[in-house]
Each structure stands twice: as structure tokens, then as C-alpha cells.
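Trainee: I'm new to this structure and would like a close look at a single part. Could you take me through it slowly, and then show me what else is worth finding?

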Amino acid sequence: MNPNTAPLADDACYLALKTRDARFDGNFFTGVTSTGIYCRPVCSVKTPKRENCRFFGHAAQAESAGFRPCLRCRPELAPHSVVWSIQDASYILAHQAARLLDEPEAWTDAAPSVDLLAARLGISDRHVRRIFEVQFGVSPVQYLQTRRLLTAKQLLADTALPITQIALISGYASVRRFNAAFVGHYGLNPTQLRRQGATPSGAGITVKLGYRPPYDVAAMTGFFRKRQINAIEFVADGAGRMGMGRTFRVESGGKVHAGWVHATFDEERCHVVLRISDSLGEVLPLVIRRLRAMLDLDADPQAINSALHASFPGGDGLRVPGAMDGYELAVRAVLGQQITVAAARTLAQRMVDKLGEPITTPWPELTRLFPAAAVLAQASGDTLGQLGIVRQRQTAIVGIALAVAEKRLQLHGGADVNATIATLKELPGIGDWTAQYIAMRALRWPDAFPAGDVALHKALGVQGLKNPAKEAELASMAWKPWRSYAVIRAWGGAMAQASDRPAIDALEE
């Protein structure tokens, strides 16, 4: 049952609501006519009567119909519904438009508007409105309004940030407009909502992020642990919960923000508890979005498994590990070309120790930032050569850093996938494997496929054939549009013939 690929089946939605099935969290919302409130399917309140329920595929639809978000289950915590399709062009365009509206960094310094959205998609603003109404039942402006208000609602409930700051980072030009929109949609002002929420405690800002099960937390943390670079990141177990922390730098509005983030998995509640340094408060929605991408929290396992389970029965809980910083991921991908993960980690560690900027955090494990793009763009061959990086890799790293520093290259989930891959492959030392790997992890493209990967050839059993890359590409057609997930499962040994529990152990070659 996926509301974005077929009309909602009300009876199936009600069954999921009765059982509080977390697999459908974010796939639909229930508006209760007797209360005027809409909820997630995992809400703990008493199940409403069937005749009092209306089901919506998106929070924006529920709010457009006059329902207010539940203060108990908090719809803003639900994982987003990320849909990829090989259906008709209007369907693809509508969901790409929604994806761009969901990406705060895709707009850089410009505020998103229907005109700018249309320009990004290469179509008219009238066509954007038409396809959006057909696919979602609301206008792009209504969709964006709901996203902004739910973001603000989460920050009001979970943080102690000033209301003025919350209004600005949620996309409102003034507190007056924010208050008017909040009261108009939710029937209470922001101050009233804050009084009803819990007061945060401890260092930094704490927010919760939901995901849909199944989720192989051990595989995800194992992936990052195997590639861990000391001083900028760590992975640890604590009090029965797996967590990870790292330093982070991001530029927004011409200003550089640096700090730390720490994420802990609450598997029982299907939540990630995220702590963020106060220094990143001004870019909080962007940081949250990056963390969601890094841990692949918005994946829809049901849709993915329907295409992949037969070939990879042991990988239903595997996700595609992303990156907080696409530029950093790209540099590390280059370092990993044609060598093992351990060797790539050693080179990256030397780079961080030599060129990384010091930073103060509450975590003794986190003391440096990854070298900034401007720093690597100016790094000499002697400097990089002393780290053990060969000349071809030096050229590729400097090329990536220079393109990012000059803003010719955007490496995040809101970037144009095909254009970005083409730009990457024009850089010296960047081939198809590296470009596809970056697309898979940094651009969050679920259909990336590094057909030339040797470890993939071995997993698929085509390494001995005349043209293994072509054979791998042909085999992958059955897994579209989820080939990135197929790659992760193949790398993890989750093919049909494998019986052991998978662990993500790809060779970065």
C-alpha cells in the first residue's frame, strides 16, 4: 500500500491504523472527523471509529482538508515519503518537484517559489501547478506551507530556540507572517504549543526523527564503523542503543556553520534521537535533512523489498548509507579507488590529521573538521604526496574541491542527478564507478549502479565472463528503480544463495 503509486485503500489503511503498523508510518495520515485532528498510523490514542476516519497520502492534503496535526504522535516526526518511479512523465515531474521542495539546500540563497521550481524542472509554472494538483491534491504552495509549519512545530516542541529564530529558519520572512500562518492552520499560537511541550535538557539541541521498519541498525552502524576516521567521527554502543557522532561544516546564505551532531537509534520506537550543537541552530532544518539522508531514514522498505526480496531475501532491513557532506564523501571515494577500505581509511586519516581544522566539542573523540574544499583546492602536490596519495588521485581531489569551492558542483540530494554525474565525469580522475558511487551515497539516487565494480561482479557471479560490466548492467534491469539498494545487498552477501545475516562490507575500488 503506497499512496503515491495508487489510490489509498481505505480499508487497508484502517487495518494498519488498528495495528499501529510502523511500516506504513508516513505513507498515509488519518484525519478524524470527530476531533478535527490528523494522526500517523502509529499514534497511541484510542483507535477512532471507521466512519470517523478519512485517509490522506500527505500531511498537506490533511491540512488542506481542515485537519490539525496531532500533538501526541506528531506528524512532523514521520519519515518522508520518498517515491521514485519509471511511470509517466507527469508522475515523475510531480514527485521530483516535491523532492526539490523538501530539500532546503537545493535553493541556496533563493527562497523556493513556483517560478523557480518550474525553472529547475524546465517546464512552465502552470504545468507545475497542474501536475502537482493531479498527483497530490494540493498546490505546490500548500505543500511547502505544510512542510514549513511541521518543521516549525517540531522545533517548537523539541527545542528551546527563540520563536523568532524558528520562524526564520522555517522559511518565514517575519514573525508576524509565521504567527498568522500557525494560528490559521493549527488554531493556537506558537507560544501555546511550546508551553505544552517538554523542556529540552542537556547540551545542544535535541530532536526526534522517525523511520519505517525493518531497519538493520547493526549493518548501518557497522558500515560507518568500518570507515571511521578518528577525530571527525565515531560509532559506539551505549546503554543498549547504537549511536554515532561526527563534526560537520556547512555553508548557507554565504555563512559557514560548524559544529557536531550525535545520533542514537531507539529501535523500539523506530526513532533516531538527534543532538545538534547550538552552533548549527541557524541551519537546523538543513542538518536534519542531511542526517535523514545519511541514515536513509525516508526509505520505504515495502516498495523496495517488493522489487528486491526475491533476489536478495537476506537484505530486507538494509539501507543505503548516505553522507552528511557530499563533498567529503566524494573526496573519500577518490581515496578509495582501486584499494581496500582499510587503506582508504588510512589515507583519509592522514588528510584529516594534516589539513583538518581543529574544533571544540563535548566529545573527546571529535576534535577536527574534514578539510574544507577551499583548503584542498589549494593543496600542493607535495603536501598531498607526503600523505601517500598518488598523483592521479591528487588531481581528482583538487578538481572536486575546486569545483565545490567555486559552486560549480553541488553534491546533495537536491542536485540534478544526470547533470551532476556528467560534471563529475568531466573532472580528471573521475570515472563511471566513482560518479555512480557518489550518486548513490551523496545524491541519494536510488537507481545508481556502478556496473564496473569488481566486488559487485563477484557477488553477481559474472566476474569470469567476457564483459562482466555489461552482464551486471543487464542483470540490474530487474531491480530498477532500486538498484542502489540492490548494490548494497549484493555487497553485503544478501543474494538468494547466501544464508548468513548480511553486513555491508563493500570494497571501495
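Mentor: Let's begin with a rule we'll need: a charge sits over a ring if NZ of Lys or CZ of Arg is within 6 Å of the ring centre and within 35 degrees of the ring normal. Keep in mind, too, that this is a predicted model. By that rule, the charged end of Arg50 sits over the ring of Tyr14, 5.9 Å from its centre. Arg227 does something of the kind with Phe223, lying over the face of that ring at 3.8 Å from the ring centre.

Now for the part I'd like you to look at closely, strand E8, which covers residues 255–266. Nine of its 12 residues are buried, so E8 is largely enclosed by the rest of the structure. Its partner is strand E9 (residues 271–276): six bridges join the two, and they run antiparallel. To see how they line up, find His262, which stands opposite Arg275 in E9. Then follow the chain round the hairpin, where four residues lie between the strands. There you'll meet Cys270, which takes a positive phi near 55°.

Stay with E8 a little longer and pick out Phe265. The structure holds 20 aromatic pairs, and Phe265 belongs to one of them, with Tyr215. The two ring centres are 5.4 Å apart and the planes meet at 50°, so we call this pair tilted. What I like here is the link between distant parts of the chain: Phe265 is in E8, while Tyr215 is in the loop between strand E5 (205–210) and helix H10 (217–226), 50 residues apart. Tyr215 and Phe265 are both buried. Elsewhere, ring pairs link Tyr172, Phe178, Phe182 and Tyr186 into a cluster.

With E8 done, try helix H21 (residues 468–476) as another element with buried residues, namely Pro468, Ala472 and Ser476. Look down the helix axis and these fall within an arc of 75°, so they line one face of H21. Lys470 and Leu474, on the other side, are exposed. As for what covers the buried residues of H21, that includes helix H20 (454–460) and helix H22 (483–491).

Last come the charges that meet other charges. The count of salt bridges comes to 24. One of them joins Asp21 and Arg23, whose closest N and O atoms are 2.6 Å apart. Asp21 is buried, with a relative accessible area of 16%, whereas Arg23 is partly exposed at 35%.

Another salt bridge brings together the side chains of Arg129 and Asp125, at 3.4 Å from N to O. Both residues lie in helix H5 (residues 125–136), four residues apart, which is about one turn of the helix. Arg129 has a relative accessible area of 37% and is partly exposed; Asp125 is partly exposed as well, at 29%.

Then there's Arg408 with Glu406, where the closest N and O atoms are 2.7 Å apart. Arg408 is partly exposed, with a relative accessible area of 47%, and Glu406 counts as partly exposed at 46%. To finish, look for Arg74, Glu76, Lys153 and Asp158, which salt bridges with shared partners join into one network.

Methods. Residues are numbered from 1 along each chain as its sequence is written. This is a predicted model: local features need pLDDT of at least 70, side-chain atom pairs count only at pLDDT 80 or more; totals for chains, interfaces and linings use all residues. Side-chain values use heavy atoms; hydrogens and water are left out. Rings of Phe, Tyr and Trp (its six-membered ring) pair if their centres lie within 6.5 Å; planes under 30 degrees apart count as stacked, over 60 as edge-to-face and the rest as tilted. Buried means under 20% relative accessible area, exposed over 50%, partly exposed in between (1.4 Å probe, protein chains only). Two strands pair if DSSP finds at least two bridges between them. The arc is that of the directions from the helix axis to the C-beta atoms. Contact means heavy atoms within 4.5 Å. A salt bridge is a side-chain nitrogen of Lys or Arg within 4 Å of a carboxyl oxygen of Asp or Glu.
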